[in-house]
Every structure is written in structure tokens, then in C-alpha cells.
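Biologist: I should be grateful for a close look at one part of this protein, namely the place where two of its helices pack together. Please set that part in the context of the chain as a whole.

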Amino acid sequence: MEHPPETTGPPPRRGPSVDLDPSGIVTGKSPDRQSRQFLNYSFYRLDVVFRRLPADEQRAAAAEFIELVRKWESMDAVILRTYSLVGLRADVDFMLWRIAYDPLCFQSMEAAIRTSRLGAYLSQVYSFLSLQRRSPYVNRSKPPGERVELLPGEGKYLFVYPFTKTRSWYRLSPHARQGMMDEHIAASAPFKGVRLNTSYSYGIDDQDFVVAFDSDYPQEFVDLVGRLRFTEASLYTQRDTPMFACVKAPIDAIVAQLASMD
């Protein structure tokens, strides 16, 4: 009498179990809530009316705003990076990338901006909220007590966009998703000058993720995104717009692009 073959269970994974996101980055097990940081990408447009004000009024408002941003940059509770989009996108002028353990820090800074003289002429056109671990964003080797330093964002450019997968993606088996992520990782591997930061927005914003690619060369980023369009995982993209090309710049340089500082 023949015996039925033994049940061998599901086939082995191609790689380690991952938190499957559009980057394919292996994140492992979820950390405790105390080690996770919130991220906020806020995009602003300055009303053209501001540039019609007398030059001395522009200078005073600009100087106040620069001091406000520098004050927040010096705080330990928030990591802040500033980027210009002047001439690169029509609907926004600059972006503030803020990272903190407490999202109320973003609210406090935004309140300070809105009550400033320059803030009266600013519109917050887009704002994306997400959550990430601390480890990809800070240098853990620094001694305790020293100010946290963001490791990504050191490139000249930051390419940011919200990202949402289709619901059918989440209905696939873990093995099917893992296989597509393996292809995604392999396709990305040659583009070593592009560094990816992926953060999660489930339940706290409209998108699934916010992705931010850090690079010195926009040409390489264009080639990378073009290559990823041919991967199977791209079939499960529901939304990946609007897209923002941001240039890293200190706040005084950004304000000088927007207001009379002479």
C-alpha cells in the first residue's frame, strides 16, 4: 500500500522576511514605539504679493523668518533640513523636512511660522506625515548628549513623493511579494549614487509611504526610476505623484531667492 507523500510545507523564502515596501529595503522586526520617529515633508509657496512690499519690509520679515528656522534647527527635539524648489516646480518654492519623536513638534513649528510676518504670505501647499525608525536617520556612533545628525539628506538633491500600492498587492502571498522585491532590489543595485529613505503613512496620512531619494546626480535618479518602471512590482503602483525635485540649501539662501535682501 502506497503512503501519501509527506507534507513539506510552503517553499522556502528567497530571502529574509521583510516589511515589504516600494523600496525593498529589509527592515526586520518592528522596533518599540520609543525608537521610532515621525517625519514631515512640508512644501510652501510664497505669495507674489510679498515681493511687491517695500524692500525694508521684505528684509525685516525675511530676517525674522531666518532666525525662526535657525532656532528650530538648533533644537534637539527636531531634526530639520531645508530645500529649495525655486525654478524646479511651479506650485511650491521650498520644503522643510522635519523629523521628531513627537509629531506635536511639527505643529508647534508650523504655528510659529504662521504667526511670523513672512508666514502671513506663505501657503503650505503639501504636507506629508509618515513614521520611520530612528536607526536609518541618525548617527548612533555619536556620544550621548551630542546633537543627533541626519545621515540621509547629505546629497545635493532630494526627490520626494507619496507612494501607494494597489490593494491587490496586499492580497498577494508573501512569497510572491518577496520575489518581486528581489527583482526590485536587483534592478536598483547598479545605481549606487542614489540612497533611499522609506517611511510609513498607514493610518496617519492619505498615502501608504513617503519615499525620499537622496542623490548628487539627478541624471542617475532619472535612470533608476526609468529602470524600475520595467519591474513587475511597478504593476501594483496605484499612486506615486506629486513628485518633487528638491535642492538642499540653507534657509538664508532660500529666502534670498524669494525676497529682497539687499
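Modeller: Of the 262 residues in the protein chain, 45% are buried; the model is a predicted one. The accessible surface of the chain amounts to about 14,200 Å², and carbon and sulfur atoms contribute 53% of that area. Six helices and nine strands make up the secondary structure of the chain. Among contacts with a separation of 6 or more, 78% join residues that lie 24 or more positions apart.

The helix pair consists of α1, residues 55-73, and α2, residues 104-114. Two packed helices are described by the angle between their axes and the distance between the axes. Here the angle is about 165 degrees and the axes lie 11 Å apart. Because angles over 145 degrees count as roughly antiparallel, α1 is roughly antiparallel to α2. The crossing of α1 and α2 is right-handed. On the α1 side, the residues in contact are Phe-65, Leu-68 and Trp-72. From α2, these residues are met by Cys-105, Ser-108, Met-109, Ala-112 and Ile-113.

The strands offer a further element of context. Strand β9, residues 244-248, pairs with β2, residues 79-84, in the antiparallel sense over two bridges. In this pairing, Ser-84 stands opposite Val-247 of β9. Strand β9 also pairs with β5, residues 157-165, again in the antiparallel sense, over four bridges. There, Leu-158 has Cys-246 of β9 as its bridge partner.

Methods. Residues numbered from 1 in each chain as written. Predicted model: local features only at pLDDT ≥ 70, side-chain atom pairs only at ≥ 80, totals over all residues. Heavy atoms only, no water. Buried < 20%, exposed > 50% of the residue type's maximum accessible area, 1.4 Å probe, protein only. Contact = heavy atoms within 4.5 Å. Areas by Shrake-Rupley, 256 points an atom, 1.4 Å probe, with all protein chains shown as cover. Pairing = 2+ DSSP bridges. Axes fitted to C-alpha atoms, helices over the stretch in contact; angles between N-to-C directions. Parallel < 35°, antiparallel > 145°, perpendicular 65-115°, else oblique. Left-handed = near helix turned anticlockwise from the far one by under 90°.
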